[in-house]
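Hi everyone, thanks for making room for me today. I'd like to walk you through one model, so please have a look at it on the screen first.

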Amino acid sequence: DLGPGNLTVSGNYVWRAATYYSVFNTYYNRAKSYGSNDFRVLYIDHDNRWTVIGYLKNAFDQRGSAGAGGTR
């Protein structure tokens, strides 16, 4: 609680385990595991007239994949 308003800071960590994106568990259909950090800052003025939100996604630039596929 600040004099001119309220400040809220939060963060989260998400881990995505290695997985296969095919019914055939072959190495070329496997996506590697990775984790990412996100942060959020929320400021609300004293009179509740306005809100400022700052958001940082994947703060440490961890590379990952949301899918993988391949053929032989």
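Let's start with the sheet: three strands form an open sheet in the order β1-β4-β5, and the pairing is antiparallel. By pairing I mean that DSSP finds at least two bridges between two strands. At the edges sit β1 and β5, each of which pairs on one side only. From one strand to the next, the twist averages 15 degrees. That angle is taken between axes, which are lines fitted to C-alpha atoms (for helices over the stretch in contact), and it runs from 0 to 180 degrees between N-to-C directions.

Before I go on, a word on what we are looking at. This is a predicted model, where local features need pLDDT of at least 70 and side-chain atom pairs count only at pLDDT 80 or more, while totals for chains, interfaces and linings use all residues. Residues are numbered from 1 along each chain as its sequence is written, and side-chain values use heavy atoms, with hydrogens and water left out.

How confident is the predictor? The average pLDDT of the chain is 87, and 88% of the residues score at least 70; pLDDT is the predictor's confidence in each residue, on a scale from 0 to 100. Among the elements, strand β5 (residues 51-56) has the highest mean, 96, and strand β3 (residues 30-31) the lowest, 86. A general reminder: where pLDDT is low, the predicted coordinates should not be read in detail.

Overall, the chain has 0 helices and 5 strands, so to speak a plain β-β-β-β-β from the N terminus on. Helices and strands here are DSSP runs numbered from the N terminus: H or I with at least four residues for a helix, E with at least two for a strand. Of the 72 residues in the chain, 15% are buried. Buried stands for under 20% relative accessible area, exposed for over 50%, and partly exposed for what lies in between, with a 1.4 Å probe and protein chains only.

Now back to the sheet, and to one pair of strands. β1 and strand β4 (residues 34-45) pair in the antiparallel sense over 12 bridges. V9 belongs to β1, residues 5-16, and stands opposite V41 in β4. Is V9 buried or exposed? V9 is exposed, at a relative accessible area of 60%. Together with L7 and V41, V9 makes a nonpolar surface patch of about 250 Å². For the patch rule: members have over 30% relative accessible area and no salt bridge, with like charges joined within 9 Å and nonpolar side chains (Val, Leu, Ile, Met, Phe, Trp, Tyr) within 5 Å. The areas come from the Shrake-Rupley method with a 1.4 Å probe, and for residues only the protein chains shown count as cover.

On to the charges. Side chains of opposite charge can pair when their charged atoms come close. How many salt bridges does a search of the whole structure find? It finds 3, where a salt bridge is a side-chain nitrogen of Lys or Arg within 4 Å of a carboxyl oxygen of Asp or Glu.

One of them joins K57 and D38, at 3.8 Å from N to O. K57 lies in the segment after β5 and D38 in strand β4, so this pair ties together parts that are 19 residues apart in sequence. K57 is exposed at 57% relative accessibility, whereas D38 is buried at 6%.

Then there is R49. Its side chain meets D45 in a salt bridge of 3.3 Å, N to O, and D47 in another of 3.6 Å, N to O. R49 and D47 are both exposed. Salt bridges that share partners thus join D45, D47 and R49 into one network. D45 itself is buried, with a relative accessible area of 4%.

Two asparagines deserve a look at their backbone. N48 has a positive phi of about 55 degrees although it is not a glycine; you will find N48 in the loop between β4 and β5, exposed at 61%. N58 also has a positive phi, near 55 degrees, and sits in the segment after β5, partly exposed at 24% relative accessibility.

Last stop: Y21, in the loop between β2 (19-20) and β3. Y21 is partly exposed, at 39% relative accessibility. Y21 and A31 are 10 residues apart in sequence, and their C-alpha atoms are 7.4 Å apart in space. Thanks for listening!
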